[in-house]
Amino acid sequence: MTRTLTFIGHVSIDHVETVNGENTQPGGAALHAAVAAKTLIDNVLLVSAIGEDYPYREVLSLFPTRYIKASKLPSTRFRIRYDEKWEAKYLEASYGAGVRINSSIIPSRALRPNSIVHLSPLPPARIKRIVDRIREASPKTEISINAWIGYMKTRRNRRILREVAQKVDYFILNDSEAKTLVEADSLSIAIKMLKAKTLIVTLGEFGAIIASEESGVQMVPALRFPVEKIVDTTGAGDAWCGAFLASLQLTRDFVKSVTAASIISSIKCMGWGSSRLLNLKFKDVDH
C-alpha cells in the first residue's frame, strides 16, 4: 500500500515586503510544506479551503484538487513585512476561507496505516479536534504538528498545545516557541518540560534537537548549504517540516531527514514564496 503524506492547513494569498522589494504570491503554511515534500515524493495531499477569488490555481494543480475545498468566503490573506534581520511583522491577517479548515474535511485517503498527516499552525482547540478525529478513525496513522508562537499567547492555548504534544508522533517547533510554550528561559529546561513521543526543536541554520522516548536527546547539525542570496524567508520553517517528513517517510533516518530539510528550506529562501521549489525534483534523499 502506498503511503500518503497529507498536509492540512492554510493556503493563502501573501503580500510580502522585504529588503529586496515586495511581492504578492501564493502562501500559507500547508502549501509551503506540501510543495517542499513534493520535491522528494509524489503521493502528497494538500487539504485546505480557498475562496473563489484565489488566483494561483496552477500551483494547486500539483496536488489532487478535490481535497482543496472552495468557499464563498474570501481567501485567507497575510501581509508580512521583514526587517533587515529577517524578523517578520504581520501587518494583516484575514483568515476568510481558512475558518472552514476543520476535522470534517480530512479525506479518508489520508487515514491509512503508516501514512503521515501533518497539521500546519491552526488554533489549538481546532488542532485538538482534528487530532482526536484522526486517532479515532485510524490509530496507526502518524500525526505531525508544527506549532506557532502566535497561538501561544493565552494560558489556555499553551495548555491545549502541551496536551496535544503528548498525543501525536512528531511535535515540531523552534527554540523560541519551545521556551514560550512552557514559559521557560532556558531551551534545555523547555526540552525537559515538554512531553512528546518525538519532540523536534528546529534551530535554523544550526540544525535541530530531537528528543524521543526511544533514543533520548540528540543534536542533529544542519549541512551548510551555500545560499547565493536570501530573497524571501516566508514559509521557510514550513518547507523544513514538509521536506523533513517526506525524507523521514523515505528513510526513517532523523539525520538524513534534518539534512535534506535544511537544504530544501535554504533553496526555498533563494526565491519569492516557494517558486524555487516548484520545478525541483530529487530522485531520493541522497540525491
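A residue counts as buried when its relative accessible area is under 20%. In this predicted model, A260 has a relative accessible area of 10%, and therefore is buried. A260 lies in helix α8. Neighbours within four places in sequence aside, A260 is in contact with A243, S247 and V285. The C-alpha atoms of A260 and D286 are 8.3 Å apart, although 26 residues separate the two along the chain.

Two of the contacts of A260, A243 and S247, recur in the packing of α7 against α8. The axes of these helices are 7 Å apart, at an angle of about 145 degrees. The crossing of α7 and α8 is right-handed. On the α7 side, the contact is made by A236, A239, W240, A243, F244, S247, L248 and T251. On the α8 side, the participants are F254, K256, S257, V258, A260, A261, S262, I264, S265 and K268. By class, this contact has 11 nonpolar, 5 polar and 2 charged residues.

F244 of α7 also belongs to the largest nonpolar core. That core holds 47 residues, and F7, L31, L46 and F244 touch the most other members. Several elements each supply at least two residues. Among them are strands β1 (5-8), β4 (44-51), β10 (170-174) and β12 (207-212). Helices α1 (29-38), α2 (57-60), α7 (236-251) and α8 (254-268) do likewise. The largest share comes from α7, with 8 residues. In soluble globular proteins, nonpolar side chains tend to be buried together. With residues up to four places away in sequence not counted, F244 touches I200, F254, S257, V258 and A261. A second core is separate and has 43 residues, including L111, L187, A196 and L199.

Helix α1 is largely enclosed by the rest of the structure, because 10 of its 10 residues are buried. These buried residues are A29, A30, L31, H32, A33, A34, V35, A36, A37 and K38. One of them, L31, is also named among the core residues that touch the most other members.

Helix α1 also packs against α7. The two axes come within 7 Å and cross at roughly 40 degrees. This angle makes α1 oblique to α7. The crossing is right-handed. A29, H32, A33, A36 and A37 of α1 meet D238, A239, G242, A243 and A246 of α7. The residues of this contact divide into 7 nonpolar, 2 polar and 1 charged. An α-helix has 3.6 residues a turn, so residues three or four places apart point the same way. In α1, the contact residues A29, A33 and A37 are among those that face α7. A239 and A243 of α7 take part in the contact with α1. A239 and A243 also appear in the contact of α7 with α8.

A further helix pair was examined. Helix α3 (residues 124-137) and helix α4 (residues 155-165) pack at an angle of about 25 degrees, and their axes are 9 Å apart. The pair is thus roughly parallel. The crossing of α3 and α4 is left-handed. From α3, the contact draws on P124, A125, I127, K128 and V131. From α4, the contact draws on R156, N157, I160, L161, E163 and V164. By class, this contact has 7 nonpolar, 1 polar and 3 charged residues.

How values were computed:
Residues numbered from 1 in each chain as written. Predicted model: local features only at pLDDT ≥ 70, side-chain atom pairs only at ≥ 80, totals over all residues. Heavy atoms only, no water. Axes fitted to C-alpha atoms, helices over the stretch in contact; angles between N-to-C directions. Helix = DSSP H or I, 4+ residues; strand = E, 2+ residues; numbered from the N terminus. Parallel < 35°, antiparallel > 145°, perpendicular 65-115°, else oblique. Left-handed = near helix turned anticlockwise from the far one by under 90°. Contact = heavy atoms within 4.5 Å. Nonpolar A, V, L, I, M, F, W, Y, C, P; charged D, E, K, R; others polar. Core = buried A, V, L, I, M, F, W, Y, C linked by side-chain atoms within 4.5 Å. Buried < 20%, exposed > 50% of the residue type's maximum accessible area, 1.4 Å probe, protein only.
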